2 protein chains.
Amino acid sequence: MSINKVGIEIPQEIQGYRKDFKPYAGAFETEPTAVTKTRRIRSSKPGGSKIIENLEEAIKRSGLKDGMTISFHHHLRNGDFVLNKVMDVIAGMGIKDLTVAASSLTKAHEPLLGHIKNGVVSGLETSGLRGLIAEEMSRNAIMDKPIIFRSHGARARAIESGELSIDVAFLAAPICDTMGNMNGMEGKNAFGAMGYPMADAEYANCVIAVTDNLVPFPLNNIAIPMTNVDFIVEIDEIGDPRKIATGATRITSNPKDLFIAEQAANVLIASGEIKEGYSFQAGSGGPSLAVCKFLREYMEENKITGSFSSGGIVKVAVDFLEDGLFKSLLDVQTFDAAAAESMRKNPNHVEMSASMYANPHNRSCVAHQLDVMILSATEIDTNFNINSLTASTGVIMGAIGGAQDTAAGAGLTLVVAPSMRGRLPIVMDRVTNVVTPGDTIDVLVTERGVCVNPRRTDLIEKFTGAGIVLKDINELKEEVEALTGKPAKNEYTDKIVGVIEYRDGTVIDVIRQIKTKK
Amino acid sequence: MSINKVGIEIPQEIQGYRKDFKPYAGAFETEPTAVTKTRRIRSSKPGGSKIIENLEEAIKRSGLKDGMTISFHHHLRNGDFVLNKVMDVIAGMGIKDLTVAASSLTKAHEPLLGHIKNGVVSGLETSGLRGLIAEEMSRNAIMDKPIIFRSHGARARAIESGELSIDVAFLAAPICDTMGNMNGMEGKNAFGAMGYPMADAEYANCVIAVTDNLVPFPLNNIAIPMTNVDFIVEIDEIGDPRKIATGATRITSNPKDLFIAEQAANVLIASGEIKEGYSFQAGSGGPSLAVCKFLREYMEENKITGSFSSGGIVKVAVDFLEDGLFKSLLDVQTFDAAAAESMRKNPNHVEMSASMYANPHNRSCVAHQLDVMILSATEIDTNFNINSLTASTGVIMGAIGGAQDTAAGAGLTLVVAPSMRGRLPIVMDRVTNVVTPGDTIDVLVTERGVCVNPRRTDLIEKFTGAGIVLKDINELKEEVEALTGKPAKNEYTDKIVGVIEYRDGTVIDVIRQIKTKK
């Protein structure tokens, strides 16, 4: 056992997890020591075709065997057909004991549960997980190996360093030419930016493109080039276009959320960060995106033009770009049809890889250039640690996303959250699991007040000067607990069902199996 | 000694050259066995700056030491200031025994000669070399190590496999943002596509951007991303814009060249390759580019639309694209201002890396998708072997360029050349040095007749059917030699001053030091 930097006991060894891990030691304390992963060099010949008649044949040719790691990306979100189709074929081929490394997993991927139960899949690595698989893993530990949770930046880092070594990568391509050049923004199942699987394509030993829109070579708009693609399989439908755009990206009309958002905007303005040339990212959903609405008014009134807005891009950000309020959008994942259309048409809407977005172990990432980041949280504790991955019950039901990356990178990271949800306190002594460390969080804005991380004395001074009433986060917690009651402590078994990695590959927390009440 | 596939004696060992080389065995006979090169992983932090006050400081921080390898690219062609400035600084720092691996070397780089003579530079790797350095190496062997000549595709291959391991890469950037995102198409010294140093940026242990046009982050049009850039140095001028566009890219007005070009077009038409959706590349200069003029007439008359034209892109190709005669231009190097402008504006003018262009050891390259390639040659022999690197005197004075790559890749490779130049025969028994093997050449068109490689019986049949009079290449040689006389044999010392690698890394020929006449 050792105690990591956020005060969590981390075992020396975690069954089913790599031996050489280190506990989290602070946001920028653990330096990389590795070199980039190698991969086998292959050749091509004139006249060679990559088009394979079906998935089974492509998988055969990939050399996929028991115990290997395969990868997927989640840009098709709830509309994804590719992961399930591939897994069904693999299951039919009798291949077992695979690790599925997805950029994230959505509701669409629940059929994976069957493949886990029958031993086809014995490991998961992902940014997030919800629903049945999460529930079963949390309560019944249906896999021996813990699920490895990584941020979007960390996934690219782990692929580049070989910590996550992918044998076969499956790329869902809304358009793909006959040699494998592809992008995510054309075709009936267009989803926009294709930032997540770029690392997979560069480092996986075999790359299989799965497309429902095969076009003649050459495709002119190339997100992932043919130089990295081994095989191409055409299928009827890679997804359901009605489910690709998520509903979570509209600005809330909930009055409490809007109130929090307006407070947050006032705090940001008082911080002095909302100035000419500033950069900005807002997480999707809840009050987070609504902050944009209020910032916009301030920017227009004061004729402020921002530099860039980054991250998962939604229509709100596209409107900023089109109205000249920001000069660039840097996009790793496009959340709605308006944004996908924008990326196709507007040269200032720039596609980027997950590594460029948020990998701490390359020569620069966008997350480190951010002035302001707005995050949502399911829980926040009095050390400003954030949980966005597990419910208060201990059940896995969320994602890391880019939270760790942007919180560490941004000059000012502000969390917007209601102080309670129903009878559940959001502000608490200790979050159920730490995902994003408090040292990288600066401000919390709730409907019951604004709390500043004590280490940001500069902000406390500025806010006080601007007449913003601040509240100690311990006081806020007491106030909330007086209304909700102190939450019951979860009881866990010793079994570790999830490892929450920090973006640098260290372990920030572990998720244990929930003890079944007798 | 062993005799390679083109009948050339290759020593078991070549002083100053890697030990584990293989002789050329045929265009697609030698399969890659390596894995991709690793490089050390570094981290970045928020607020970090890459801008270094001058070249000397950046070179210090790069860790450059005696005996290392540095790289440059030649997109600024005869207008390049960067290589010379960097070399002067390095010389001033007292660093010695460096290998300079440039994508090519031009007239602008003659000052390198001084650095070779004083021991700063002890090795060269390049696609081409002309002028004083070439002369001095050919006659006086001014370096112990032979110059390694590689095609554009082979250079990317060698970098990816680590055969060419770059310690510090210098990237000349016409525009670069403060984090290192750059492109070649904006700024007073814009040159267009930045295809050559893309591999350097991905695999070099340290990457230094040198720019005269530093702009705020983020640059929206990114050819090489900041994720690969360590340091940025701003200098006054990276080049002389008047010398960046080469003169070699205009269509000839020489009547003999035009006659050859027209014959070549007729041969291509008779081959049946000039059909809907075909792809095409023409080398720059001489009669090669002039073929386009005649093909254009045929395409317009017969309403033929091609798929893509690739390679170094010139205005002639841009006109094809704009007039709808081709759907795409795939551009690794842009030869004139009109083409640079086109790449900036036209989304169907696509920038590609040298690896995507022509590397035989990745999952696909454009050269392998070509239907028709038109090459120039300084010499061609009765086995259809081509020399484009040395003069009949044995002096180095040319380049490999993309010749090996496109000849091997294209369905039909046609060489256009006059049968003699002045009193020098172009068609001969044996070329001075073999650069592109005859097995990858299909047709020779001269003003004295058309010769088809005997292995292409299909073409002989087609041409004969179309009424094209063919001539045996041996007959043509006799006819030419009757006019020019048999060229005198060069006398060489045992010293090898150049190694001509084939695109797969095997040795196709060696260049020996010329024996000084007493």
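**Close-up views of a predicted two-chain model**

**View 1. Domain 1 and domain 2 of chain A bury about 2400 Å² between them.** Of this area, 59% lies on carbon and sulfur atoms. The model is predicted. In chain A, the domain assignment gives domain 1 as 52–243 and domain 2 as 247–487. The contact takes 31 residues from domain 1 of chain A and 30 residues from domain 2 of chain A. Taken over C-alpha atoms, the centres of these two domains of chain A are 29 Å apart.

**View 2. Polar contacts link the two domains of chain A.** Between domain 1 and domain 2 of chain A there are 19 residue pairs in polar contact. How many salt bridges cross the interface of domain 1 and domain 2 of chain A? The count is zero.

**View 3. Three elements of chain A each supply at least two residues of the side of domain 1 that touches domain 2.** They are β7 (128–129), α4 (131–140) and α5 (152–161) of chain A. Which element gives the most to this side of domain 1 of chain A? It is α5(A), with six residues. By class, this side of domain 1 of chain A holds 13 nonpolar, 10 polar and eight charged residues.

**View 4. A turn of 180 degrees lays chain B on chain A.** The shift along the axis is 0.0 Å, and the RMSD is 0.0 Å. That is the relation of a two-fold axis. Which residue of chain B comes closest to the rotation axis? It is B:Thr38, with its C-alpha at 3.0 Å.

**View 5. Chain B and chain A bury about 4600 Å² between them.** Carbon and sulfur atoms carry 57% of that area. In chain B, the residues that lose the most area to chain A are B:Ile41, B:Asn220 and B:Arg363. Together they account for 20% of what that side buries. Each chain, B and A, gives 56 residues to the contact. Of the interface residues of chain B, 100% are also interface residues in chain A, so the copies meet through the same surface.

**View 6. B:Arg363 forms a salt bridge with A:Asp230.** Their closest N and O atoms are 3.1 Å apart. The interface of chain B and chain A has four salt bridges. It also has 34 residue pairs in polar contact. Several elements of chain B each supply at least two residues of the side that touches chain A, including β16 (306–313), β17 (326–334) and α12 (403–409). β17(B) gives the most, with three residues. By class, this side of chain B has 23 nonpolar, 21 polar and 12 charged residues.

Key: Residues are numbered from 1 along each chain as its sequence is written. Chains are lettered from A and ligands numbered from 1 in the order in which they are written. This is a predicted model: local features need pLDDT of at least 70, side-chain atom pairs count only at pLDDT 80 or more; totals for chains, interfaces and linings use all residues. Side-chain values use heavy atoms; hydrogens and water are left out. Copies are superposed by least squares on the C-alpha atoms of residues with pLDDT of at least 70 in both. Contact means heavy atoms within 4.5 Å. Domain bounds come from an automatic or database domain assignment. Buried area is the accessible area (1.4 Å probe) that two parts lose on being put together, summed over both. A salt bridge is a side-chain nitrogen of Lys or Arg within 4 Å of a carboxyl oxygen of Asp or Glu. A polar contact is a pair of N or O atoms within 3.5 Å; within protein, one must be able to donate a hydrogen and the other to accept it, and residues adjacent in sequence count only if both atoms are side-chain atoms. Helices (H or I, at least four residues) and strands (E, at least two) are DSSP runs, numbered from the N terminus. Ala, Val, Leu, Ile, Met, Phe, Trp, Tyr, Cys and Pro count as nonpolar, Asp, Glu, Lys and Arg as charged, and the others, Gly among them, as polar.
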